[in-house]
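Grab a pencil and keep the 3D view open while you work through these exercises. Try each task yourself before you read its solution.

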Amino acid sequence: MATFARSTFSAKTYAAFRPSYPPSLFRTVLNYHKRPAEATGTLLDLGCGHGLIARSLKPHFKSVTAIDPSAGMIQQAQQTTSEAGITFRQGSAEDLDFLDTGSVEMAVAGQAAHWFDYGKVWPNLARVVQPGGTIAFWGYKDNVLLGAEQATRIMEKFVYGTGEVAPGVQGMGLYWEQPGRNILRDLLRGVRPPEHDWADYAKLEHEPGEAGPDETRWLTKKMKLGEVEGYTRTFSCFSGWKDAHPEATSRADGGDGDVVDFMWDRMVDAVPEWKAMGEGWREAEVVNDWGTYVLMARRR
């Protein structure tokens with residue numbers, strides 16, 4: 001993904017503000033996997049980012065191999081990981097030649113599978129995942145602010161709008177990398193493991209703001225608005241917007257404001273309780289609900 005190679009991208013900021021995965025999600029994929037009582041085998045973490053999944057799942061496997069195309073992400077992962085038995089390396093799901101045939105017990109991908117070239121990834125995984133082993137891909141999209149519907153609509157306008165979203169301000173919609181973003185927004189409904197290699201296909205989905213069981217609605221979190229603001233600054237479309245508008249400097253950096261500043265001005269104005277807090281609006285709390293998916297299959 002080109003975003004992570006941009007000079008405007010910060011792996012440290014990404015790690016600080018991206019939502020973490022709850023224990024319930026890991027229970028879902030591990031229960032599907034039906035792991036042995038003792039930690040055995042190798043876990044392959046595709047698109048590992050800053051290493052969150054590798055660290056969380058390491059107790060259930062003898063070793064973890066975690067790869068990511070971004071050198072910055074790998075550096076961040078190495079700096080924040082102290083657990084033994086985890087190996088980080090720069091690489092992609094499209095090139096797994098460094099792994100032996102049948103050497104992987106489980107392969108996972110968190111918030112990464114929408115970027116895969118499946119013409120290469122499916123044959124690669126069929127080769128390296130042992131018979132009876134599993135894959136589990138999951139991801140999230142488009143958080144809504146529960147109880148703040150107007151603010152959510154304003155955020156969507158700025159994030160996906162392609163024209164002028166405020167006087168003299170272009171929206172961020174043109175700067176999403178495609179087709180990956182649209183694949184994710186569709187919750188990977190067009191992605192299915194080839195039946196001749198994979199069995200026991202299972203899929204869990206949740207659209208943001210809709211009701212559902214905890215198993216599918218696994219990414220719902222109360223956050224301060226300042227944290228949500230920080231999260232919106234990790235969007236890949238914002239990184240692209242900054243590259244296209246180098247003259248725009250955030251207020252936090254001493255400038256007159258960038259697209260995220262202007263977006264939050266309007267979001268805060270839309271909620272009387274937030275607006276009444278004045279400069280302290282970042283301390284207000286709101287429940288965020290993300291759309292999610294989990295895709296699982298077992299090697300024949």
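## Tryptophans and their partners

Trp264 has a relative accessible area of 1%, so this residue is buried. Keep in mind that you're looking at a predicted model.

**Exercise 1.** Work out whether Trp281 is buried or exposed.

*Solution.* Start with the cut-off: buried means under 20% relative accessible area. Next, take the value for Trp281, which is 10%. That is under the cut-off, so Trp281 is buried.

**Exercise 2.** Decide how the rings of Trp264 and Trp281 are arranged, and find where the two residues sit in the chain.

*Solution.* Step one: a pair of aromatic rings is described by the distance of the centres and the angle of the planes. Step two: the centres of the Trp264 and Trp281 rings are 5.4 Å apart, and their planes meet at 15°. Step three: planes under 30 degrees apart count as stacked, so this pair is stacked. Step four: Trp264 belongs to helix H10 (residues 259–269), while Trp281 is in the loop between helix H11 (272–275) and strand S10 (285–299). With their positions 17 residues apart, the pair links distant parts of the chain.

**Exercise 3.** Classify the pair made by Trp122 and Trp198, then place both residues.

*Solution.* The structure holds 17 aromatic pairs. In the Trp122 and Trp198 pair, the rings are 6.4 Å apart centre to centre, with 55° between the planes. Stacked needs under 30 degrees and edge-to-face needs over 60, so this pair is tilted. Now for the places: Trp122 is in helix H5 (residues 118–128) and Trp198 is in strand S8 (residues 198–206). They're 76 residues apart, so here too the pair links distant parts of the chain. Both Trp122 and Trp198 are buried.

**Exercise 4.** Which ring does Arg181 lie over, and which cluster does that ring belong to?

*Solution.* Look at Arg181 first: it lies over the face of Trp176, at 4.0 Å from the ring centre. Then follow Trp176 into an aromatic cluster, whose members include Tyr160, Trp218 and Trp290. For another case of this kind, find Arg89, which lies over the face of Phe98 at 3.8 Å from the ring centre.

**Exercise 5.** Find out which residues of H9 are buried, and what covers them.

*Solution.* The buried residues of H9 are Ser236, Cys237, Phe238, Ser239, Gly240 and Trp241. Their cover includes helix H6 (149–160), strand S7 (169–170), helix H8 (225–232) and H10. Finish with Asp243, which is also found in helix H9 (residues 236–244). Its relative accessible area is 37%, so Asp243 is partly exposed.

Terms used
Residues numbered from 1 in each chain as written. Predicted model: local features only at pLDDT ≥ 70, side-chain atom pairs only at ≥ 80, totals over all residues. Heavy atoms only, no water. Phe/Tyr/Trp six-rings, centres within 6.5 Å; stacked < 30°, edge-to-face > 60°. Helix = DSSP H or I, 4+ residues; strand = E, 2+ residues; numbered from the N terminus. Buried < 20%, exposed > 50% of the residue type's maximum accessible area, 1.4 Å probe, protein only. Lys NZ or Arg CZ within 6 Å of the ring centre and 35° of its normal. Contact = heavy atoms within 4.5 Å.
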